[in-house]
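Student: I would like a close look at a single part of this model, namely the empty space inside it and the helices packed around that region. Could you take me through it in one connected account?

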Amino acid sequence: MSLIEKLSTVKSMITHRRPIRDLLRSYLFFLENPDKSAWGSITEEDEKGIEKAVKLASNYHGPIIEIGALFGHTTNLIASLKGKDVPLIAVENFSWNPFSLPVEAHRQFTRRTLRYVLENCSTQLFEGNAEDFYSSNASLKPSMIFIDAWHEYDSVKKDIERAVATGCPVISGHDYTEIHPGVIMAVKEAFGDRVLLYGSVWIHHNERDE
Ligand SMILES: C[S@@+](CC[C@H](N)C(=O)[O-])C[C@H]1O[C@@H](n2cnc3c(N)ncnc32)[C@H](O)[C@@H]1O
């Protein structure tokens, strides 16, 4: 590498220092906590929780909603477990990803990962905030809502309140673990001990007459 190329690399690193710093932080976090999260998605243990939640939801009418799709791993999992004609709507605002990809690259990555289910499995991607999704779909009666967006207490509390307001019988979410105390606090406050735990996936089932 010539001196000019080296200087140009250093210049690029200085220009993009913020996403590079965030990328490094994420990378170190995931390297040091391989049992807690699979690069921002769920672990194999957590998958059993999603399977259970989708099974419970199959007793009810209505779409399945996912809040926070990231790259579509859980969206694909839910799509593979649900009935083919059950609508699934994944809500994603592209505000975070572990690799610090710019918004447009994140959007394209997720759409391409989800291509098959978007075209063949009654699945849609709502590109926007959870709040906007609920306000533009006020009459929706979901059979299941899976919450996996920001994990701070206030955000999870709001996500749970919005889910409860729909009358949804199966409300579930991710990252019920000591590294996300806000999730534990918000879930306990909303549902007490009336939650099932599978790894870090929590499920609250409130039977609904159909
Ligand atoms: C932990 S990741 C989701 C992981 C994904 N469920 C999986 O396991 O593969 C959280 C995602 O929620 C998205 N997000 C955060 N706040 C959101 C909001 N208010 N509305 C929609 N998406 C949001 C972020 O952009 C990020 O992609």
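Tutor: What follows goes from the enclosed space to the open one, and then to the helix contacts. The model is a predicted one, and the account should be read with that in mind.

The structure holds one cavity of 30 Å³ or more, and the volume of the largest cavity comes to about 40 Å³. Its lining is made up of Ile147, Asp148, Ala149, Trp150, His151, Val156, His174, Val183 and Trp202. By class, six of these lining residues are nonpolar, two are polar and one is charged.

The largest pocket, for its part, contains about 910 Å³ of space. It is lined by 39 residues, of which Trp96, Asp148, Ala149, Trp150 and His151 are the closest to its centre. Helix 2 (17-32), helix 4, strand 2 (88-92), helix 7 (130-136) and helix 8 (153-165) are the elements that each give two or more residues to this lining. In the lining of the pocket, 12 residues are nonpolar, 16 are polar and 11 are charged. Asp148, Ala149, Trp150 and His151 thus appear in both descriptions, since they also line the largest cavity.

Helix 8, one of the elements of the pocket lining, packs with helix 9 (residues 181-191) at an angle of about 35 degrees, the two axes lying 8 Å apart. The crossing of this pair is right-handed. On the side of helix 8 the contact is made by Tyr153, Val156, Lys157, Ile160 and Val164, and on the side of helix 9 by Gly182, Val183, Met185, Ala186, Val187, Glu189, Ala190 and Phe191. Of the residues in this contact, 10 are nonpolar, one is polar and two are charged. Val156 and Val183, which take part in the contact, are also among the residues that line the largest cavity.

Helix 4, another element of the pocket lining, leads to a second packed pair, in which helix 3 (residues 44-57) and helix 4 (residues 73-81) meet at an angle of about 45 degrees, with 10 Å between their axes. Helix 3 is therefore oblique to helix 4. Their crossing is right-handed, and in it Glu47, Ile50, Glu51 and Val54 of helix 3 meet Thr74, Leu77, Ile78 and Leu81 of helix 4. The residues of this contact comprise five nonpolar, one polar and two charged.

Methods
Residues numbered from 1 in each chain as written. Predicted model: local features only at pLDDT ≥ 70, side-chain atom pairs only at ≥ 80, totals over all residues. Heavy atoms only, no water. 1 Å grid on protein atoms, 1.4 Å probe; cavity = no way out; pocket = protein on both sides within 12 Å on 5 of 7 lines; lining within 4 Å. Points joined across faces, edges and corners; volume = space filled by probe spheres on them. Nonpolar A, V, L, I, M, F, W, Y, C, P; charged D, E, K, R; others polar. Axes fitted to C-alpha atoms, helices over the stretch in contact; angles between N-to-C directions. Helix = DSSP H or I, 4+ residues; strand = E, 2+ residues; numbered from the N terminus. Parallel < 35°, antiparallel > 145°, perpendicular 65-115°, else oblique. Left-handed = near helix turned anticlockwise from the far one by under 90°. Contact = heavy atoms within 4.5 Å.
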